[in-house]
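Could you walk me through this structure in my viewer, one selection at a time? I would like to know what to click on next and what I will find there.

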Amino acid sequence: MIFAIAGTQLPFPRLMNALDAIAGRHGLDILAQTADPGFSAVNIRTEVFLRGAAFDNAMAQARMIVAHAGIGAIMTAAELRKPMIIMPRRADLGEHRNDHQLATANRFADVPGLTVVHDEAALEKALLARDVVPVSFTNQGRVTSLISAVAEAVG
Amino acid sequence: MLCVSSGGGHWQQLMALRPAWEGKQVSYACTAPVNQDKFQLPNFFQIPDCNRNTMKKIFSSIPAYVRVFRRTRPSVVVSTGALPGLFFIAMGRMTGARTVWVESIANSERLSLSGKVASLVADKFFVQAEHLADGKRRIYAGSVL
């Protein structure tokens, strides 16, 4: 099962429509959290919001995560060591208030196991890829360093 | 101590930083409901959300923020953003609390709007991208990813 995440703030029809079309073409089993009560899909299962145990279950069962380039989704995939595809939201398409998701995608483009896609064609290719590996952020040093600095700031 | 954030990634970053205040008495406030089974938070307040596009919501949310602040009377306020967190940093500043802002790692190329304001108000301001540090108020000391 592939788990797709639009996040908790805004719908992401460009991603969801692409997933629906691709699932139809290839018979993929996709569960999508859409943040979009008005979205009706043909080939994928959808929930507007998934929280708590339901969200955790979906993440655990997924063999791959597809998401907007939201830090929450990325951190969760990293924590659970899942392969991940991210599609950044674009401000010029009204998908977010600014282009910080493009910046996020640029920042993490080289992380093993993380694939950045910008359109349906690239998304389809990534979904069908065979050689997927879990995301791997080698960040422990950076995290420890920030925690220490915040601890000192907090006093 | 009061730790405040918006939902989603902001909250997850706050949780990743939890070891920084281990052993202290802490209350938490978030704009989204939080999984209490997962996070085991002693004092949790859900607060209304707002952003720069929702002027009306900003004004109607402020009384709730003030209520939580008065209830918790923090001597330290930490926030990972976004706009709701900024209000708490401002209240902390006004009451002489120590205030710490950690700009979201989502803001890799430029600061968020609330971050820009927070950088002028908070006692300590951390960025999570090296090139956003300015050697003065904006400090790079690592990142959650």
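Start by selecting strands β4 (residues 64-68) and β5 (residues 84-87) of chain A: in this predicted model, the two run parallel and are joined by 4 bridges. Now pick out single residues along that pairing. Val66(A) stands opposite Ile85(A) in β5(A), and Ile65(A) has Met84(A) of β5(A) across from it.

Keep β4(A) selected and turn to its other partner, β1(A). These two strands also pair in the parallel sense, again over 4 bridges. Here Val66(A) in β4(A) has Ala4(A) opposite. Is β4(A) mostly covered or mostly open? Colour the strand by accessibility and you will find that 5 of its 5 residues are buried.

Next, bring up the whole sheet. It is an open sheet of 6 strands in chain A, ordered β3-β2-β1-β4-β5-β6, with parallel pairing. At the edges sit β3 (45-47) and β6 (114-116) of chain A, each of which pairs on one side only. As you rotate the view, look for the twist, which averages 20° from one strand to the next.

Now add the helices that lie across these strands. Select α3 (residues 71-80) of chain A, which lies across β1 (2-5), β4 and β5 of chain A and runs at about 170° to β5(A). Follow the chain from β4(A) through α3(A) to β5(A): together they make a right-handed β-α-β unit. Then select α5 (residues 120-128) of chain A. This helix lies across β1, β4, β5 and β6 of chain A, at about 175° to β5(A).

Time for the rings. Show the aromatic side chains in every chain; there are 7 aromatic pairs over all chains. A good one to zoom in on is Phe108(A) with Phe137(A), an edge-to-face pair with 5.3 Å centre to centre and 80° between the planes. Which parts of the chain does this pair link? Phe108(A) is in the loop between α4 (100-107) and β6 of chain A, while Phe137(A) is in the loop between α5 and α6 (140-154) of chain A, so you are looking at a link between distant parts of the chain, 29 residues apart. Both Phe108(A) and Phe137(A) are buried.

Move over to chain B and select Trp11(B) and Tyr28(B). Why does this pair count as edge-to-face? The ring centres are 6.0 Å apart and the planes meet at 75°, which is over the 60 degrees required, so the pair is edge-to-face. Trp11(B) lies in helix α1 (residues 9-16) of chain B and Tyr28(B) in strand β2 (residues 27-30) of chain B, so the pair ties together parts that are 17 residues apart in sequence. Trp11(B) counts as buried at 5% relative accessibility, and Tyr28(B) is buried too, with a relative accessible area of 2%. Add Phe39(B) and Phe44(B) to the selection, and you have one aromatic cluster together with Trp11(B) and Tyr28(B).

Back in chain A, select Phe49(A) and Arg51(A). The charged end of Arg51(A) sits over the ring of Phe49(A), 5.3 Å from its centre.

For the last stop, select Ile147(A) in helix α6 of chain A. This residue has a relative accessible area of 15%, and because buried means under 20%, Ile147(A) is buried. What is Ile147(A) in contact with, leaving aside its neighbours within four places in sequence? Show chain B around Ile147(A) and you will find Ala16(B), Leu17(B), Pro19(B) and Ala20(B).

Conventions: Residues numbered from 1 in each chain as written. Chains lettered and ligands numbered in written order. Predicted model: local features only at pLDDT ≥ 70, side-chain atom pairs only at ≥ 80, totals over all residues. Heavy atoms only, no water. Pairing = 2+ DSSP bridges. Axes fitted to C-alpha atoms, helices over the stretch in contact; angles between N-to-C directions. Contact = heavy atoms within 4.5 Å. Phe/Tyr/Trp six-rings, centres within 6.5 Å; stacked < 30°, edge-to-face > 60°. Buried < 20%, exposed > 50% of the residue type's maximum accessible area, 1.4 Å probe, protein only. Lys NZ or Arg CZ within 6 Å of the ring centre and 35° of its normal. Right-handed = clockwise from strand over helix to strand, strands pointing away.
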